[in-house]
Amino acid sequence: MTDLLARPPAADEGGMGYLESLPRKVVVVYIPLAIFIFVLLFPFYWMTVTSFKTNEELHAYKGLQALWIYEPTLENIRFLLFDTEYPRWLWNTMLVTVVSTFLSIFCAVCAAYAIERLRYKGSRTVGMLIFLAYLVPPSILFIPLAIMVFALGIFDSNWALILTYPTILIPFCTWLLMGYFRTIPYELEECALIDGATRLQILVKIVLPLSVPGLISAGIFAFTLSWNEFIYALTFISSAENKTVPVGAITELITFDVYNWGGLMAGAMLGSLPVAILYSFFVEHYVSSMTGAVKE
Amino acid sequence: MQDFTRREILKTGAAATLGATVASPALLAAARAWAAESQWQPESGAKLRVLRWKRFVQSEHEAFMASVDAFTKATGVAVRVDSEGFEDLRPKAAVAANIGSGPDIIWGIHADAHLYPNAMLDVSDVCDHLGGKYGGWYPIAEHYGKREGKWINVPITISGNLINYRKSMVQKAGFETFPDNTDDFLKLMQNLNKQGTPGGFALGNASGDGNCWTHWILWSHGGKVVDENDNVVINSPETVAGLEYVGELGKTFIPGAASWLDGHNNKAFLQGACSVSNNGISIYAAAVREGMTEIAEDMDHAFYPVGPVGEPTEFHVAFPLMVYNHTNYPNAAKALTAWLMEKEQYDAFLQGSVGYLSHPLRAYKDHPVWTEDPKRLVFRDVAERSRSFAHAGSLGYAASSVFADFVVVNMIAEVATGAKTPKEAATDAQKRAERYYNV
Amino acid sequence: MAAIGETRPVDQVNFLARLNNNRNLLGLLFMLPAAAILLLFLTYPLGLGIWLGLTDVKVGRPGRFIGLENYAWLFEDHIFWLSVFNTFVYTTAASVIKFALGLWLALLLNRHIPFKAFIRAIVLLPFIVPTVLSALAFWWIYDSQDSVISWILIEAGLLDETIDFLGQPNNARASVIAANIWRGIPFVAITLLAGLQTIPASLYEAATIDGAGEWQRFRHITFPLLTPIIAVVMTFSVLFTFTDFQLIWVMTRGGPINATHLMATLSYQRAIIGGALGEGAAIATAMIPFLLAAILFSYFGLQRRKWQQGGRDD
């Protein structure tokens with residue numbers, strides 16, 4: 001899939017591109033595109049600008065130009081890092097995200113290998129069920145899960161999230177990896193079997209090295225999904241020091257009636273940065289996992 | 001209920017939100033003296049975790065944190081205070097009770113301790129001590145605090161919610177003083193509307209303002225959700241009479257009141273768009289703080305008018321400190337709750353609350369916060385005047401649920417906006433209430 | 001094949017060899033980690049949720065079986081029906097607009113433009129940033145007094161007073177839908193773009209030679225070939241919009257006067273805030289038929305794809 005996307009757009013315009021005049025192209029393509037980009041990016045711009053504004057500036061629109069910062073301040077960042085538990089939330093989010101991502105990838109690799117390469121009896125059905133599992137939304141599971149989390153005694157701990165996030169991640173990762181494993185020639189595996197390799201050895205030494213792009217794609221996507229997760233963390237976590245960034249930002253940074261917008265936006269910005277940075281390094285992998293999930 | 005406007009934020013600034021507040025030397029000395037004599041000697045190495053509502057009034061929060069700081073320094077008990085928004089706090093309190101772990105003390109609302117009485121520490125010794133020392137508890141505090149003869153929470157405060165009005169507009173409408181009965185009140189509202197300065201009361205799901213005024217109206221005409229035996233009797237001639245009154249009253253409301261939540265009337269009032277509403281003292285406090293002298297001077301507070309039943313039928317929001325029996329340090333927890341109610345620091349807490357929060361113990365009636373500004377005076381008596389939200393019925397799951405589900409608020413709103421006839425609304429409310437009581 | 005176990009006891013060799021050869025047994029073993037987690041934390045709670053919907057369990061109180069009472073109650077509860085209505089409005093409006101704008105953006109990105117890879121990368125940003133955090137930004141953008149949109153419009157002389165974005169029912173609905181669209185466009189656009197790029201250029205060339213105009217090329221080549229992927233993308237989009245929780249919870253919590261309550265937020269409100277776990281579970285369960293319908297729709301979309309492309313690509 002990566003290759004499809006990276007392919008030079010040779011015939012994208014139906015072979016008519018060279019006929020299009022520049023003014024026409026400006027109106028038909030560049031202006032709409034510029035509007036799209038502006039609208040899609042403006043909230044980030046606004047978030048960032050607000051993060052560095054003083055409170056005086058935030059609420060004194062009239063005279064000043066609101067769209068720019070005149071007296072940039074780091075006060076909001078300082079507030080976040082030193083007067084709230086924000087660093088702790090970042091750490092929790094990171095921990096939960098990394099652990100549940102690795103756990104999910106491990107489970108997904110085994111499952112995808114079994115479904116796609118071992119082709120045990122009923123593997124097709126299981127593959128389909130896994131796809132369906134991906135479509136089960138957390139908003140219909142959080143109530144029964146909350147009861148289970150209470151019963152298991154893991155309420156208000158990282159474990160509550162580490163064990164439940166994989167239900168979102170495993171189906172997706174498995175589905176994606178199935179696609180990758182499918183593309184590996186059977187001959188490789190058969191040769192190895194004849195040479196006496198076990199299935200585990202084949203998986204580790206042959207299949208996985210050939211699926212590195214798939215593993216990265218699945219990992220990146222899983223990482224962003226669990227960084228993004230909200231309803232489980234909102235329901236299963238209670239104490240301030242155990243919260244994740246999205247939940248902490250909503251429940252702790254929003255004060256009753258008085259909104260500290262600078263701090264809130266700084267929180268939103270800092271919380272978005274880790275995923276944005278990771279994403280910027282792996283754009284192609286991310287896109288291929290997203291489109292891959294849909295195209296299979 | 002409380003509304004801070006822009007300039008207030010500028011003053012308090014971001015950093016104040018969670019910054020720890022340090023006790024003054026005098027308070028610290030008082031705390032040390034108190035701790036030495038206290039009958040509750042904390043366990044060694046005790047640590048407490050307190051969950052409270054998010055501050056409404058900055059100065060109240062500072063006073064609270066300062067007294068906690070004094071307690072820690074005097075007793076060596078580390079106290080961690082977390083705050084949560086109100087909506088989130090109640091489910092957390094319920095879950096903590098359910099699973100037997102979580103904060104040691106929660107500053108809750110109403111009579112939530114009655115939903116899970118078995119999870120509560122018996123605090124009778126604390127309450128008896130305080131009651132004996134400070135002139136006794138008001139009946140409402142005792143009603144919410146006690147279950148089967150035992151104190152299951154320590155009432156800490158009650159937040160008054162009364163009529164806020166613009167003097168000049170009410171006078172122009174033909175009333176020298178604010179009406180004290182519902183018939184005159186309706187005339188006033190009609191006149192205000194006619195002269196283009198309408199009043200308005202929240203009809204949205206406003207847990208503070210909405211509940212307070214709708215319960216007043218319902219009770220003022222003799223309507224009630226349940227009788228003494230917890231039978232649902234909301235669909236009664238009295239309720240329908242009240243609702244017919246509401247139908248007339250609703251026509252006089254300012255446009256938009258149908259979707260008002262707790263903060264909307266503050267905003268409208270401060271903008272000068274609303275002449276009469278119900279609220280805590282926060283509108284006035286904001287007007288004073290921000291130098292909006294025109295409004296501050298022209299406004300005043302009044303008790304709710306008395307209806308056909310012939311006695312005050314007010315409802316105010318009470319707050320208890322709930323101590324969980326899962327705490328590892330019951331003595332430390334009792335010591336802290338007792339300390340929080342002692343004069344040495346409760347005076348500062350009341351002062352910091354500038355009339356927004358009122359006392360459940362009679363001795364604090366003489367506190368200067370009530371008299372230094374005559375416009376605060378009516379808020380002094382709210383604990384004395386408040387009815388229980390369960391009114392005639394008993395406290396517990398059904399009463400709390402009917403209340404939390406806005407059954408009364410919705411019934412009144414349906415009639416006030418003309419969406420339903422009084423009979424239909426009362427029938428509907430009966431059905432909703434029965435669902436909770438018949439379980 | 002038993003050669004690998006030469007130094008080991010015979011039993012073990014046999015066992016390992018059998019295991020290595022028995023696809024079913026080995027498959028089971030490999031499936032175990034994923035199956036354990038999914039069965040325990042997905043399948044079981046799914047069933048448990050349906051069961052809870054038939055009980056009156058509350059926070060702190062074990063429930064008892066009450067049959068369909070929760071549903072009978074919800075059937076007469078106008079707030080529930082309002083949330084169903086809101087959910088449909090939200091899903092329909094957001095999905096249709098997301099699709100239209102997403103397809104448009106995909107077509108734009110499919111052209112010859114400079115910095116294409118870079119533009120595609122930044123266009124996806126709204127999708128990868130945590131929803132809650134971007135919802136916070138929208139909440140601020142929609143602030144009743146200090147909204148930047150109101151400010152710009154007032155400065156431009158187009159408006160006299162600030163817009164009450166989240167305070168009035170219909171404004172609030174439009175505002176949350178707009179935020180959802182904002183977040184969803186990149187997903188639709190980028191996946192459809194991937195689909196567009198699989199369409200062979202030769203088809204367009206042939207059509208051009210035959211004298212087909214731009215619209216005709218879109219109508220007769222692009223759209224039919226894109227239909228299967230559109231079906232899947234839109235199923236995902238509809239499913240996730242239908243069950244949305246985060247955006248609403250951050251910006252309105254279902255208000256004003258329940259005008260933006262979706263089934264998911266109402267379920268949270270009743271179950272977690274209100275403590276009525278059974279009733280909340282019933283509301284959540286009531287979403288399942290709609291989800292199934294969406295999935296079946298997608299399934300038949302895929303069938304159609306096979307039928308359509310049967311002789312050509314596959």
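1. A quick word on terms before anything else: the domain bounds used here come from an automatic or database domain assignment. Keep in mind too that this is a predicted model. On that footing, chain B splits into domain 1, covering 6-152 + 317-385, and domain 2, covering 162-315 + 393-437. The C-alpha centres of these two domains of chain B are 29 Å apart.

2. Now for how the two halves of chain B meet. On the domain 1 side, 16 residues are in contact with 20 residues of domain 2. If you want to find that side of domain 1 on screen, look at α1 (6-12) and α17 (377-380) of chain B, the elements that give two or more residues to it. As for its make-up, the domain 1 side has seven nonpolar, three polar and six charged residues.

3. The contact between chains A and C is worth a look as well. Here 85 residues of chain A are in contact with 83 residues of chain C. On the chain A side, helix α2 (residues 22-51) gives the most, with 12 residues. Sorted by type, the chain A residues that touch chain C come out as 60 nonpolar, 18 polar and seven charged.

4. Back in chain B, there's an open sheet of three strands, in the order β8-β7-β9 and with antiparallel pairing. Its edge strands are β8 (276-279) and β9 (299-302) of chain B, and each of them pairs on one side only. From one strand to the next, the twist averages 30°.

5. Zooming in on that sheet, β7 of chain B runs over residues 162-166 and pairs with β9(B) in the antiparallel sense, over four bridges. A handy landmark is B:Tyr165, which stands opposite B:Asp300 in β9(B).

6. Last, a single residue that I'd have a look at: B:Ile412, in helix α20 (residues 407-416) of chain B. Buried or exposed? B:Ile412 counts as buried, because it has 27 C-beta neighbours inside 10 Å, and the cut-off for buried is 20 or more. Leaving aside residues up to four places away in sequence, B:Ile412 touches B:Thr214, B:Ile217 and B:Val246. There's a long-range pairing to check here too: B:Leu218 is 194 residues away from B:Ile412 along the chain, yet their C-alpha atoms are separated by 8.3 Å.

Note on methods
Residues are numbered from 1 along each chain as its sequence is written. Chains are lettered from A and ligands numbered from 1 in the order in which they are written. This is a predicted model: local features need pLDDT of at least 70, side-chain atom pairs count only at pLDDT 80 or more; totals for chains, interfaces and linings use all residues. Two strands pair if DSSP finds at least two bridges between them. Axes are lines fitted to C-alpha atoms, for helices over the stretch in contact, and angles run from 0 to 180 degrees between N-to-C directions. Two residues are in contact if their C-beta atoms, placed from the backbone, lie within 7 Å. Ala, Val, Leu, Ile, Met, Phe, Trp, Tyr, Cys and Pro count as nonpolar, Asp, Glu, Lys and Arg as charged, and the others, Gly among them, as polar. A residue is buried if 20 or more other C-beta atoms lie within 10 Å of its own, exposed if 12 or fewer, and partly exposed in between; C-beta atoms are placed from the backbone.
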